[in-house]
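Subject: Structure for you to look at

Hi,

Here is the structure I promised to pass on. Have a look at it first, and then read on for what I found.

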Amino acid sequence: MAAVAPTRDGVALVPRHVAVIMDGNGRWARARALPRQAGHKAGIAPVRLMVEQCAQAGVETLTLFAFSSENWRRPPAEIGALMRLFVEALKREVAELHENGIRLRFIGDLDALGPELNTAIGHAEALTRDNRRMDLVLAVAYGGHWDLAGAARRLAEEVEAGSLESADIDESRFADMLATRDLRPVDLLIRSGGERRISNFLLWDIAYSELYFSDVLWPDFSAGDLEAAFAYFAQRQRRFGRTSDQVVGGGAAEEQQ
Ligand code: IPE
Ligand code: IPE
Ligand code: MG
């Protein structure tokens, strides 16, 4: 982690929480007349690169969108190949991630993933739970709507059980019910692959994120591309609703939540 995180107007220049929509694997493969699965496989190298580079830069949390709720609509063969790839990559990479001080976390409808992947997830989370250098959060079978609906359901259950008054439901209590409850808000959201949309990734958590869209297809995403995203972030003035003068005068800093 960086010794002293550089700031401007009291706000960190290095994003503390980076979230990435890793898109473009299929198009990368098609451009090479390869099966889509080859694109997913080629998408692992930039994940390694990004984890190392973010940890080096002092990022505290890196959340990667690996598989969305809606990706279940893909052909079964592609889903099967992706799940196999997740299990293999996890088993292969977990020891090195652990050595590098990375704590692994998974968010999403994990019950839908099957026993083999869940076993690997349980092992990876247990092994790395005391690591502090950087949190790597993998969103698998994750959807922003799934998360918000789950939070509403859990609140309703508490009200039903009599342990919560509906009048006491506020933003903080709502956030406490999300799968992302332990994560700080996203500072920088990056999407590769050319689309300018969120595709049901984190919704609550990106309320005040800076958004960076890259046309580079995910398997080609390089250290330089991440540097460009960081440079973009460092140029933003984060106001969180205040005026520019207020921000420069100090005080708007860590206003969000
Ligand atoms: C992102 O790449 C990976 C997953 C959604 C699992 P895509 O597979 O969506 O690649 P494109 O968008 O078809 O190129
Ligand atoms: C978003 O990509 C999901 C992941 C990167 C895991 P998609 O390829 O599924 O998004 P859409 O369908 O083009 O919006
Ligand atoms: Mg896509």
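Let's begin with ligand 1: which pocket is the space taken by ligand 1? It is the largest pocket. Please keep in mind that this is a predicted model, and every value below is computed from it.

The fold first. There are nine helices and eight strands in the protein. With 257 residues, the globule rule gives 18 Å, and the radius of gyration comes out close to that at 19 Å, so the protein is as compact as a globular protein of that length. Along the principal axes, its C-alpha atoms fill a box of roughly 55 × 50 × 35 Å.

Now back to ligand 1. Its surroundings include the run Met22, Asp23, Gly24, Asn25, Gly26 and Arg27, along with Arg36, His40, Ala66, Asn71, Arg74 and Leu82. Sorted by class, that shell holds three nonpolar, five polar and four charged residues. Helix H1 (25–30) and helix H2 (36–42) each supply at least two of the shell residues, and H1 gives the largest share, with three.

As for polar contacts, the side chain of Asp23 places an N or O atom 2.8 Å from an oxygen atom of ligand 1. Two glycines take part through their backbones: a polar backbone atom of Gly26 is 2.9 Å from a ligand 1 oxygen, while for Gly24 the corresponding distance is 3.4 Å. Taken alone, ligand 1 exposes 380 Å², and the protein buries 86% of that.

What about ligand 2? The space it takes is the largest pocket too. Around ligand 2 you will find Ile21, Met22, Asp23, Phe65, Ala66, Phe67, Asn71, Arg74, Arg191, Arg197 and Ser199. By class these are five nonpolar, two polar and four charged residues. Strand S4 (residues 61–68) contributes the largest share of this shell, three residues.

Which side chains make polar contacts with oxygen atoms of ligand 2? Among them are those of Ser199, with an N or O atom at 2.6 Å, and Asn71, with one at 2.9 Å. Asp23 appears here as well, with a polar side-chain atom 3.2 Å from an oxygen atom of ligand 2. Ligand 2 on its own exposes 390 Å², of which the protein buries 79%.

If you want one residue to start from, try Asp23: its side chain has a polar atom 2.8 Å from an oxygen of ligand 1 and one 3.2 Å from an oxygen of ligand 2.

Best wishes

Key
Residues numbered from 1 in each chain as written. Chains lettered and ligands numbered in written order. Predicted model: local features only at pLDDT ≥ 70, side-chain atom pairs only at ≥ 80, totals over all residues. Heavy atoms only, no water. Near = heavy atom within 4 Å. Polar contact = N/O pair within 3.5 Å; in protein donor to acceptor, adjacent residues only side chain to side chain. Areas by Shrake-Rupley, 256 points an atom, 1.4 Å probe, with all protein chains shown as cover. 1 Å grid on protein atoms, 1.4 Å probe; cavity = no way out; pocket = protein on both sides within 12 Å on 5 of 7 lines; lining within 4 Å. Sits in = over half its atoms within 2 Å of the grid points. Helix = DSSP H or I, 4+ residues; strand = E, 2+ residues; numbered from the N terminus. Nonpolar A, V, L, I, M, F, W, Y, C, P; charged D, E, K, R; others polar. Rg over C-alpha atoms; globule rule 2.2 N^0.38 Å.
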